Amino acid sequence: MEKQDITKDIATNKLIFFAEQASRFQAAQTESRHLREYLVRAGECLLGFGPVADENISRLVALYGEFMGATCALYNRLEREMLCSVGQWQVPADFKPVDKPQGHICYDVIRLKSDDPFIVRDLQDSIYAKTDPNVKQYKLQTYIGLAIKFGPAYIGSLCVVFQKDFIPSEEDIRFMRIIASAIAVEENHRQMQLKLQESNERDKLISETVKDYVFTVRIHDGKPQETSHGPTCIAVTGYSPKEFTDDPDLWIKMVHEDDRELVRKHASLILSGQRVRPIEHRIIRKDAAVRWVRNTTVLHLGKDESLLSYTGLIQDITENKNKEDLLYTSEEKYRALVETLPASTYIASLDEDSATIYVSPQINSILSFSPQEIIEDFGFWHKHIHPDDRQRVQKELNYSHVTGNPFHSEYRMLDHEGNIVWIYDTATVMRDISGNPLCMHGVMFDITERKRIEDELSKRQQEFQVILDSVPAMIFYKDRENRMIRINKTFAEAMGLSKEQIEGKTCFDLWPQQAERYWCDDKGVIESCQPKTGIIEPLMTAKGQIWIQTDKVPYRNEEGNIVGVIGFALDITERKNAEGKLESLNKELIRTNKRLSQLTLRDPHTGLYNHRFMQDIIEAEFYRAKRYGHPFSVMMIDVDYFKSINDVYGHSFGDLVLKQLARQLKMMVRQYDIVVRFGGEEFMIISPGIDRLQSLKLAQRLLDAINLYNFGDKNHTVKLKLSIAVVSYPEDKIIKGMDLVETADQILNKVKEFGGNNVYSSLDTKKKTSSRKPKIDITVLKDRIEKLTKRTHQSLVEAVFAFAKTIELKDQYTGEHVEKTVQYATEIARALKLPDEEIDRIKQAAILHDLGKIGIPERILVKKSKLTREEFEEIKKHPQIGVDILRPIKLLHNIIPIVLYHHERWDGRGYPNGLKGEEIPIGARVVAIADVYQALTSNRPYRKSYLEEKALKIIESGSGAQFDPAVVAKFVQIIRQKKKDKIADK
């Protein structure tokens, strides 16, 4: 089929199919809306088809899979006895697209050769669960397939599969048939494209391989009438057939002027009807290039032996002529030697006896037999070949007869006198025009003298080998076929093998795993004609692996041609081992330097990144966040009253607590958050990718968790309070990364100022600032004095809170009691929806409510029996003592009423002043309930703790007498809601 026909058929088939589908689309107006929509999409799909059939098929498969809502859709085709998935939609990543067809459902669909759909439900219970590997692997439940027909043969199947039970509707099947028809059309296009491709490749092959051209001359009345030139004439001459037709004399004009007379004589002999031999002459191509051609002519004669026409074959033989010129030059150089060689040509039959048909007279000077004697004696060769060589030569000759390969052999013959003559015999099987073997045509050389020289050379080589074997280096010679031709003794000993086991073998025989590397080096030396030195590589021997350093040089024969590689190798195993040790030491040094470099960025005590690392990373992370518009947050954490821990327990204990806190922080933050020890008891968490709200949530989660955790060792444990400042970009106006640190430090001071153990952002500091009344007529000097005063008071506050921690030394219960009291008091205050300022005051007062116990004798605090009246009177003094401690500190004046009155009662029977009802500050009423409930639910020196429900009933029984009823109701609600939440979580 011509290329134009194939291309035309493809276009025609597509137009026909588009027309058919258009009519179907028009008829589908009564179909469901779903089907109409996909029919329209099918039309768009068809109109958008590209030139590659398999890509069009994949689009059709995807369209049908989407229409069916299937788990997966496929079109499988049988190719080279394999089932190949060429159209796929939503296939799993590990799906095997090519497999043996046996057992697959799609293969059965093709084999059934049915035009009806093939539907299998409950696949897991069918035989295909065992035969089709995809059924079990992908948990398939339903299969719907339709065979695709191309011409008379069924070549593939369209299918959809489901991981659920599915029953197709009539419109599903109808649409499946439409898609299947479209796929069949694309298969037809694919076959045409393949034929077109084959045609193009065939034309290309012809154009690339045919370099001769044929012309035909018709004769009338003994004169040329019409000449036709083949299309390949342009390849040889550069002229087109039309140019030859337009100018009948173009051919003779094109012939080189020195050869025109020869061509004219040749033409006149042809026109006279004489058969002529081919002639060789020069032509001048259209591009002015001079080329040699061979002109071969075949005559076509009529019945009366008159010339009707003749056909000429023009072959470009320029390359051959060039080679002949070179050969002629070479022959001139070696003519004297060649003329002295005793060579004889012969022709022998291909029968078992190889009877001689012809032998040249030179045979007489070789074997002292005349040609006639040899021709008449049918068994001459077998009789006169030396008995030791006869069987070998016969095998070689038989092999040449059978295969048609050239015959080359060296063997001994006995001359007329019985003397041994060495013969080199080379022959080729001659064939007729049809390729049938006719005879053997060969040449025999007397190489007796050469053999004598070779024997002498062999002795010299043996002497040379002795010299080579005495050299301590490993020496080898390999030919171009990678064979080890010769090695010295040192090489064999290094290998742990004998010379015979090595010589004649290739690198692939001796070192299969390393041969490719060796051969690559050898080819580089041979192709570049340059030596390659200093090659260091491993060599596997019978004794194990050794390291060698090799120099390789090209080896040239007498004609100067490179015929192999000579290598000189030294065993450098000991040196290599020493270098290996040195390399290991260098690597260890690099690792050590790397560890030291890391240590400069790490805090040696906690293992966290240090302040130096923070300065580098925060600018880089801020730049990334700013460039890509990502949020970025920094959290600064300070441990409240940490000085008191060092003062009470010692710095070693304080270091242990900091290390434990660092570990907890790393465990609780995200994997890609960066925890830094900022300095002393200050830490920083750098959190890329989270905004202020997310960072505040993380900070609150850290605060709540750390408040509950016990730090220390088996002898002492403490609970930590944290002040946390959160700064976020872009919420906070930040210009550079270190602005985050400076802003966080300012916010942290505010947290400290308002009692600590809290989480603040810039919003909280604005709120705190806005809640204060603005001061009028404040001068710059007063502002500075106020800041200095506030800073001094802040230091006092820190000292007081640290001082309060020392109570734990005198009364361990008090230390644990404070933690829970603060928690309950804060929860009650939030539930009552008190202002944030009031909640902060209550939290601070809850921390310091038992501060006055520092002035109570230790014997009373730790007494296990009931207190006496006098002892209880001492205890009742602790609120006043606490107030006396706090009074000098202006910043803590607003919590003094709460600390002083937290033991007052709702009915007026409390102490120290007997306040009643609303006279008691709300903060004191809140702390009172939190204080009592915590006391009831914890072990005391003189009794065990109450159960939670019992403690609540005691609190409820005191409502309206000891406690504010509204506060009691809210507290009971909080505790019982917590209990419900715990049950729900379980």
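Here are some friendly notes on this predicted model, taken one structural region at a time.

1. **A five-stranded sheet with strand 17 inside.** Let me start with the open sheet whose five strands come in the order 18-17-21-20-19, with antiparallel pairing. Strand 18 and strand 19 (532-541) stand at its edges, and each has a single partner strand, so one side of each is left without a neighbour in the sheet. Direction ignored, neighbouring strands here are turned by 30 degrees against each other on average.

2. **How strand 17 is placed.** Is strand 17 (residues 474-479) largely enclosed or not enclosed by the rest of the structure? Six of its six residues are buried, so strand 17 is largely enclosed. The side chains are worth a look in your viewer: Met474, Phe476 and Lys478 point one way, while Ile475, Tyr477 and Asp479 point the other way, and all are buried. Note that Lys478 and Asp479 are on this list of buried residues.

3. **The partners of strand 17.** Strand 17 pairs with strand 21 (residues 562-571) in the antiparallel sense, over six bridges. With strand 18 (residues 484-487) the pairing is also antiparallel, over three bridges. Lys478 is a handy marker for both pairings: its bridge partner in strand 21 is Val565, and its bridge partner in strand 18 is Met484.

4. **The hairpin.** Strand 17 and strand 18 form a hairpin, with four residues between the two strands. If you check backbone torsions, look at Asn482 in the turn, which has a positive phi of about 70 degrees.

5. **The other side of strand 21, and the helix on the sheet.** Strand 20 (residues 544-556) runs antiparallel to strand 21, and nine bridges join them. Within this pair, Tyr555 stands opposite Gly564 in strand 21. Helix 21 (residues 515-528) packs on the sheet, where it touches strand 17, strand 19, strand 20 and strand 21. The direction of helix 21 makes about 155 degrees with that of strand 19.

6. **A second five-stranded sheet.** Earlier in the numbering there is an open sheet in the order 8-7-11-10-9, again of five strands with antiparallel pairing. Its edge strands are strand 8 (223-229) and strand 9 (279-284), each of which pairs on one side only. From one strand to the next, the twist averages 30 degrees.

7. **Pairing and packing in that sheet.** Strand 10 (residues 290-301) and strand 11 (residues 307-316) run antiparallel and are joined by nine bridges. Asn295 stands opposite Ile314 in strand 11. Which helix packs on this sheet? Helix 11 (residues 260-271) does, touching strand 7 (212-220), strand 8, strand 9, strand 10 and strand 11. The direction of helix 11 makes about 125 degrees with that of strand 9.

8. **A helix pair.** Packed helices are described by the angle between their axes and the distance between the axes. Helix 23 (residues 611-628) and helix 27 (residues 737-753) pack at about 115 degrees, and their axes are 7 Å apart. The two helices are therefore roughly perpendicular to each other; the range that counts as such is 65 to 115 degrees. On the helix 23 side, the contact involves Met614, Gln615, Ile618, Glu619 and Phe622, which meet Gly737, Met738, Leu740 and Val741 in helix 27. Sorted by class, this contact has six nonpolar, two polar and one charged residues.

9. **Cysteines.** How many disulfides does the structure hold? It holds zero. Two of the cysteines can be described by their surroundings: Cys233 counts as buried because its relative accessibility is 0%, whereas Cys520 is partly exposed, with a relative accessible area of 48%.

10. **Two residues beyond the sheets.** Glu837 is found in helix 32 (residues 836-848) and counts as partly exposed at 26% relative accessibility. Its C-alpha atom is separated by 8.8 Å from that of Phe754, 83 residues apart along the chain. Arg909 lies in the loop between helix 36 (896-901) and helix 37 (922-936), and at 66% relative accessibility Arg909 counts as exposed. The C-alpha atoms of Arg909 and Ala961 are separated by 8.8 Å, and these two residues are 52 residues apart along the chain.

Definitions and conventions. Residues are numbered from 1 along each chain as its sequence is written. This is a predicted model: local features need pLDDT of at least 70, side-chain atom pairs count only at pLDDT 80 or more; totals for chains, interfaces and linings use all residues. Side-chain values use heavy atoms; hydrogens and water are left out. Axes are lines fitted to C-alpha atoms, for helices over the stretch in contact, and angles run from 0 to 180 degrees between N-to-C directions. Angles under 35 degrees count as roughly parallel, over 145 as roughly antiparallel, 65 to 115 as roughly perpendicular and the rest as oblique. Contact means heavy atoms within 4.5 Å. Ala, Val, Leu, Ile, Met, Phe, Trp, Tyr, Cys and Pro count as nonpolar, Asp, Glu, Lys and Arg as charged, and the others, Gly among them, as polar. Buried means under 20% relative accessible area, exposed over 50%, partly exposed in between (1.4 Å probe, protein chains only). Two strands pair if DSSP finds at least two bridges between them. A disulfide is a pair of cysteine sulfur atoms within 2.5 Å.
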